[in-house]
Structures are given as C-alpha cells and as structure tokens.
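Open the model in your viewer and set it to cartoon view. Keep the selection box at hand.

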Amino acid sequence: MSPSPAAAASTTSSPNNSSSSASNPNLPPIASTSPVSASSSSSSNMFNFNYLWIPLLIALSKDLTTAAAANRDNSNDTNLLLPSQNNSVSLHEPRVGTSCPALDAKLNYRPVIGILSHPGDGASGRLNNATNASYIAASYVKFVESAGARVIPLIYNEPSEVLYKKLNLVNGVLFTGGWAKSGLYFSMVEAVFKKALERNDAGDHFPVLAICLGFELLTMIVSKDKNILERFSAADQASTLQFLENIHIQGTVFQRFPTDLLRKLSTDCLVMQNHHYGISPEMFKKSSDLCSFFEILTTSTDEDNKVYVSTVHAKSYPVTATQWHPEKNAFEWGLSRIPHSEDAIQVTQHVANYFVSEARKSLNRPPIGQVLDNLIYNYSPTYCGKAGRGYDEVYIFT
C-alpha cells in the first residue's frame with residue numbers, strides 16, 4: 001500500500017535525513033524518488049528563486065526612478081532642446097534663402113573707435129623719454145576689441161589736419177585716463193569733443209566714452225571752469241557705485257546689466273578707482289552748465305569718506321563719463337587692488353558692449369583702405385608689466 005502524501009512528506013523530512021545533512025555540510029541534499037516529493041521540491045525551489053529576485057527588482061526599480069527624476073530636474077533647469085526635440089519646429093519646412101536672419105541694415109557691424117593718445121610713454125620715461133612721445137595703454141584697445149570694434153589711434157600732437165582726417169574714419173571716441181589737464185592735450189580733447197557733438201548735431205550717432213582723466217576734462221570743458229575739480233583720495237582703490245534715487249538707467253551704460261549685478265555694484269567693490277581729483281555732487285550742482293548737459297547716475301566714496309560723482313550720462317548726446325576704470329578689471333594687473341572676480345569682469349564687458357553697441361549706430365562708412373592704413377594694428381605694443389606697477393602694455397607714438 002502506497003504511503004499517503006502526508007506520510008511521504010514526513011519521510012522526506014525525517015529527523016534522520018535532516019540531521020545527516022546538518023551534521024555533514026559537505027553531503028549533497030538527499031533527493032527523493034517520490035513524484036510528490038519532486039513536485040514539492042520544485043515548488044520550493046521556485047519560491048526561493050522568486051524570493052531572491054523580488055528585492056533585486058525593487059532595488060533596480062528605485063534606481064531607475066531616481067535617474068528619471070534627476071533627468072527631469074536637469075531638463076527643467078536648462079530648458080534646452082535640440083531642434084529635433086522641439087515639436088514646434090519642423091525640420092522639414094522649406095526655408096527661403098539663408099537659414100540665418102537678416103541683420104539690421106541700419107547698423108554698422110564693423111565699427112571703429114578712435115582713442116586719443118596721452119603725453120609721455122605711460123611708464124614715467126622708462127620706455128621712451130622723448131619729449132614728443134605719447135601713448136595709449138593696450139588695456140583700452142583690448143577693452144574696445146572685446147566688444148567687437150577696432151581702434152584707430154588719434155595721436156594728440158600730430159598735425160591737427162591729420163588727426164581730423166582720422167576722426168572722419170571712426171564711429172566713436174574714447175578719452176583715456178592720465179594726468180595732463182592743460183596745454184596742447186587739453187586743447188585737443190576739447191576740439192575732438194566739440195567735433196563729436198557736431199557730428200551728433202548733424203544727424204550721426206557718434207558716442208563718446210570718457211574715463212577717469214577723460215571724465216575730469218569733460219567736467220572742466222562743459223562747466224567752462226578749469227578750477228572746478230576737487231581733491232580726493234581714491235588712488236589704487238576698489239569701490240562700490242551708489243546709484244542716485246529715482247534715476248532711469250534705460251539708454252545708459254547700465255541698461256544691459258543684469259539685476260543681480262546692479263545690486264552687487266552697490267554692495268561689492270567691483271570697480272577700480274585711481275585718481276586724485278574729481279567733483280562732489282554739491283559742486284556739480286552749482287554748475288548750471290553741468291546740470292543742463294549731464295545727469296548724475298552714481299556716486300562713490302574715497303578713503304576719507306568724501307563723496308564724489310563717479311558716473312554721468314549726457315541728457316541729449318550719447319556721451320558717458322566714468323571716474324572709474326572699466327577697462328582695468330579684465331586687462332590690467334599692475335595695481336594690487338584691481339578687482340578680478342567674475343562679477344568684476346562682467347562689469348568690464350557690459351560697459352564695453354554698451355559703448356560699441358552705440359558706435360554701431362553711427363552712419364559713418366569710411367573707405368576700407370583708409371581704415372586699414374590707420375588701424376592700431378600698424379603699431380606694436382610694448383610690454384612694461386615687469387615693473388609690477390602701472391600698465392602692462394602700452395602703444396608708444398613718437
């Protein structure tokens with residue numbers, strides 16, 4: 001008589017068999033010849049197999065879910081889609097002509113800036129002590145080039161007819177920093193500035209950017225007062241810019257600055273000052289000529305906590321003047337306090353972009369050959385940065 005299923009199960013799992021396997025782990029498990037026993041063993045093995053794989057599948061599912069969520073987060077952060085991923089763009093739509101949009105025909109995409117040279121060699125005579133020497137710091141050239149323009153040097157002591165011919169080849173003018181406030185240099189700054197205003201009055205959009213000494217000279221010229229400047233202690237000093245209340249920056253040098261960078265200008269020392277003269281807001285407001293021509297945008301404070309005007313913008317002309325040096329952050333290394341942070345470099349680039357964008361509006365389209373003959377590429381800069389002070393490179397003209 002065949003044993004019952006219960007008896008077979010009891011036989012298969014008898015204490016003797018169990019103890020034999022347990023007492024000698026090297027022995028293989030005892031197989032049963034009973035069909036019922038084989039079926040039970042197969043079911044048990046299948047259960048064990050499923051039991052092992054279920055946790056693995058759960059873990060793998062969690063990993064895949066996490067990766068998918070990360071991909072969604074990255075997609076939301078960047079919001080960048082290839083054309084083939086953008087359903088709103090058809091890759092099979094016929095294109096008429098070029099795939100690039102037409103440029104604004106009113107703009108000049110090959111602007112040229114004239115930079116007026118300054119007396120001396122820029123290195124206290126270490127490079128060239130000739131009495132007729134003049135220079136342009138290479139940082140001003142790089143500053144203009146970084147925004148997509150080229151430079152023609154306007155050599156201040158060359159014959160005026162030669163300088164004026166060069167002035168007719170450019171789309172804007174930059175007055176640099178320096179020390180000369182009298183003599184031929186002052187007279188030439190005044191003459192070039194007046195011609196720039198005349199160009200604007202005649203219908204051409206001809207921008208002027210005056211930096212540091214340039215700011216001071218325009219203050220003297222517009223006010224018609226050569227003694228209007230005051231003494232300040234702002235040599236080799238990084239500073240903030242404090243915006244006046246209720247000013248509108250649209251159309252000014254600050255119009256393209258991101259909001260967070262505008263805030264940082266008021267809290268972080270992102271601009272470089274290097275001057276001994278300037279004008280206080282009180283003195284500025286006493287001059288009706290200055291108030292009618294310029295609007296004050298920012299002020300700054302020197303090392304003695306004296307407040308001076310640091311940025312102005314002309315009310316009726318594309319003329320901007322900064323007492324601070326936008327070019328130094330990115331292109332000068334000789335002074336210890338020049339800010340070189342990423343935010344400071346953005347300040348340099350935004351000012352350069354604004355100035356050159358204004359020059360692109362100029363209607364002047366001079367003969368290409370004449371431009372090429374007068375570009376600053378016809379000269380070579382001199383490296384003077386090893387002295388550890390002053391400029392890193394200068395163009396010297398004799």
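This tour of a predicted model goes through strands, a sheet and helices in turn.

**Stop 1: strand 4.** Select residues 150–154. This is strand 4, and five of its five residues are buried. Show the side chains. Arg150, Ile152 and Leu154 point one way, while Val151 and Pro153 point the other way. In a regular strand, side chains alternate between the two faces of the sheet.

**Stop 2: its partner.** Add residues 112–116, which form strand 1. Strands 1 and 4 pair in the parallel sense, over five bridges. To find one of the bridges, pick valine 112; its partner in strand 4 is arginine 150.

**Stop 3: an open sheet.** Now select strands 2, 3, 14 and 13. They make an open sheet of four strands in the order 2-3-14-13, and the pairing is antiparallel. Strand 2 (118–119) and strand 13 (382–383) each have a single partner strand, so one side of each is left without a neighbour in the sheet. Zoom in on strand 2 and strand 3 (residues 134–137), joined by two bridges. Here proline 119 stands opposite serine 134.

**Stop 4: helix 4.** Add residues 138–145. Helix 4 lies across strand 3 and strand 14 (393–397), and runs at about 45° to strand 3.

**Stop 5: helices 5 and 6.** Select residues 160–167 for helix 5 and 183–201 for helix 6. Their axes come within 12 Å and cross at roughly 35°. The crossing is right-handed. Which residues meet here, helix 5 against helix 6? Leu163, Tyr164 and Leu167 in helix 5 meet Met188, Ala191, Val192, Lys195 and Arg199 in helix 6. The residues of this contact divide into six nonpolar, no polar and two charged.

Methods
Residues are numbered from 1 along each chain as its sequence is written. This is a predicted model: local features need pLDDT of at least 70, side-chain atom pairs count only at pLDDT 80 or more; totals for chains, interfaces and linings use all residues. Side-chain values use heavy atoms; hydrogens and water are left out. Buried means under 20% relative accessible area, exposed over 50%, partly exposed in between (1.4 Å probe, protein chains only). Two strands pair if DSSP finds at least two bridges between them. Contact means heavy atoms within 4.5 Å. Axes are lines fitted to C-alpha atoms, for helices over the stretch in contact, and angles run from 0 to 180 degrees between N-to-C directions. A crossing is left-handed if the near helix is turned anticlockwise from the far one by less than a right angle, and right-handed if clockwise. Ala, Val, Leu, Ile, Met, Phe, Trp, Tyr, Cys and Pro count as nonpolar, Asp, Glu, Lys and Arg as charged, and the others, Gly among them, as polar.
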